[in-house]
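Here is a short briefing to read alongside the model. Keep the structure open and turn it as you go through the points.

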Amino acid sequence: MAIRRITMADLAFGEPLRWDIFSTPSAARPLLKKGQVLAPGELDDWLAAGLYAEASAPVSVLQSLNQINRRLERTLMDLRDQGSADRELRATADDLIATVERGADIALAAIFLNQIAGAYAVRHCTEAAIVACLIARAMDKSPAEVLVVTAAALSMNVGMVRQADLFQNKDGALSHEERALVRRHPSASVDMLRWAGVNDEAWLDLVLMHHENDDGSGYPAGKLGDEISQNAKLIGLADRYCAFVSARNYRRSLLPPVALERLGAGNEMPYDRIVLGHFATQIGAYPPGTLVRLENAELGVVSRRGLDGAGVGVHVLRAADGKTPGEAQERVTSEPGCAIAEALHEDHAKLRFPMKQIWGELASL
């Protein structure tokens, strides 16, 4: 039996284990048996020392993201009752980074295909953390810095996480009290994180400043330019971008090229051009998960990014004649006739498919 070391991302508290877990690779008897249900914190000390399971049953990228989101929801919702949130949030951030490293295209696609389950308020933090982690790594930030950026993105909205879904479901404008809560939430989030045991000032500063703008129009303190760290600007961009591509009761989600253009135009606020440049190269106008029509009239979903000058990959789901292809067909947008003509909303494209069909076992549920 092949054995692999597992991390927190492999575990789902409150759900039956899918394999036996061993304390060492050579242990004769399992520490926990398949089917047992874990309680939060039950394996913290064991994980630090090392835990192992069968290598034949790895958790997919999509499963890992959903497990991370469930853990994050429990942590954020119960933050006032915790004294060790620092350790739990760092472990969650570490697992998210490892998941993005395993399959960045799948992690991005999960955002645009709405495949991360859970309440919007928490899911938004997970999605913004995916984007922030991806950009931070592309900017060659140190592993310690990437971890802090990811942890800050995961926890940036804890000060209003219980109210955010109410805002999301409103049809009209926010009340004066609700707007005040929104403007106060960075400070409230820092206070809650301190109370729960987070004392890393770099982390707390990112949470505090992720809504500050270079021109002083942001909140809570109206900071200017270099008073705002690059990492805070990075998280702020990830936050806004993910908000743009998420639907609201009062509007549809913005299509990815429109969302990127909205950031790049700088009409609403002056964004950091260096960070924004990495959004353009690492995510692009047509990130994985974008439904598209090609110039040759085929419909499909973007399957991989066009990094290093390569064309974007597109998995064809409907041929030009309107029929479903008999076998998998992949296009590269640099090929003749295969350039992307337009991005499509789901109700316009009318394409239904499991992510596993496009990305294989790493995208299975």
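In this predicted model, L193 is a good place to start: beyond its neighbours within four places in sequence, L193 is in contact with L79, L89, S155, V158, V198, W203, L204 and V207. L193 is also one of the residues with the most contacts inside the largest nonpolar core.

**Nonpolar cores**

- The largest nonpolar core has 89 residues, and V131, L193, W203, F279, M355 and W359 are those with the most contacts inside it.
- Helix α5 (residues 120-138) gives the most to this core, contributing 12 residues.
- Because domain 2 (61-283) and domain 3 (290-358) both give residues to this core, it lies between them.
- Another core, of 13 residues, lies apart from that one and includes L17, L32, L43 and L51.

**Domains**

- The domain assignment divides the protein into domain 1 (3-54), domain 2 (61-283) and domain 3 (290-358).
- Taken over C-alpha atoms, the centres of domain 2 and domain 3 are 29 Å apart.
- Where these two domains meet, 18 residues of domain 2 and 12 residues of domain 3 take part in the contact.

**The five-stranded sheet**

- Five strands make up an open sheet with antiparallel pairing, and their order is β7-β6-β5-β4-β8.
- At the edges are β7 (329-332) and β8 (340-344), each of which pairs on one side only.
- Neighbouring strands of the sheet are turned by 40 degrees against each other on average, with direction ignored.
- Inside the sheet, strand β4 (residues 291-294) and strand β5 (residues 299-304) run antiparallel and are joined by three bridges.
- To find your place in this pair, look for V292, which stands opposite G300 in β5.
- As general background, strands of a sheet pair through backbone hydrogen bonds, either parallel or antiparallel.

**Salt bridges**

- A search of the whole structure turns up 16 salt bridges.
- In general, side chains of opposite charge can pair when their charged atoms come close.
- D86 and R90 form one salt bridge, with the closest N and O atoms 2.7 Å apart.
- D86 and R90 are about one helical turn apart, because they are four residues apart in helix α3 (residues 85-102).
- D86 counts as buried, at 18% relative accessibility, whereas R90 counts as partly exposed, at 23%.
- K141 and E145 also meet through their side chains in a salt bridge, with an N to O distance of 3.8 Å.
- Of this pair, K141 is buried, with a relative accessible area of 14%, while E145 counts as partly exposed, at 31% relative accessibility.
- R252 forms a salt bridge with D347, and here the closest N and O atoms are 2.6 Å apart.
- R252 lies in the loop between α10 (230-244) and α11 (256-265) and D347 lies in helix α13 (residues 346-349), so the pair ties together parts that are 95 residues apart in sequence.
- R252 counts as partly exposed, at 45% relative accessibility.
- R71, E88 and D95 are joined into one network by salt bridges that share partners.

Key: Residues numbered from 1 in each chain as written. Predicted model: local features only at pLDDT ≥ 70, side-chain atom pairs only at ≥ 80, totals over all residues. Heavy atoms only, no water. Pairing = 2+ DSSP bridges. Helix = DSSP H or I, 4+ residues; strand = E, 2+ residues; numbered from the N terminus. Axes fitted to C-alpha atoms, helices over the stretch in contact; angles between N-to-C directions. Salt bridge = Lys/Arg side-chain N within 4 Å of Asp/Glu carboxyl O. Buried < 20%, exposed > 50% of the residue type's maximum accessible area, 1.4 Å probe, protein only. Core = buried A, V, L, I, M, F, W, Y, C linked by side-chain atoms within 4.5 Å. Domains from an automatic or database assignment. Contact = heavy atoms within 4.5 Å.
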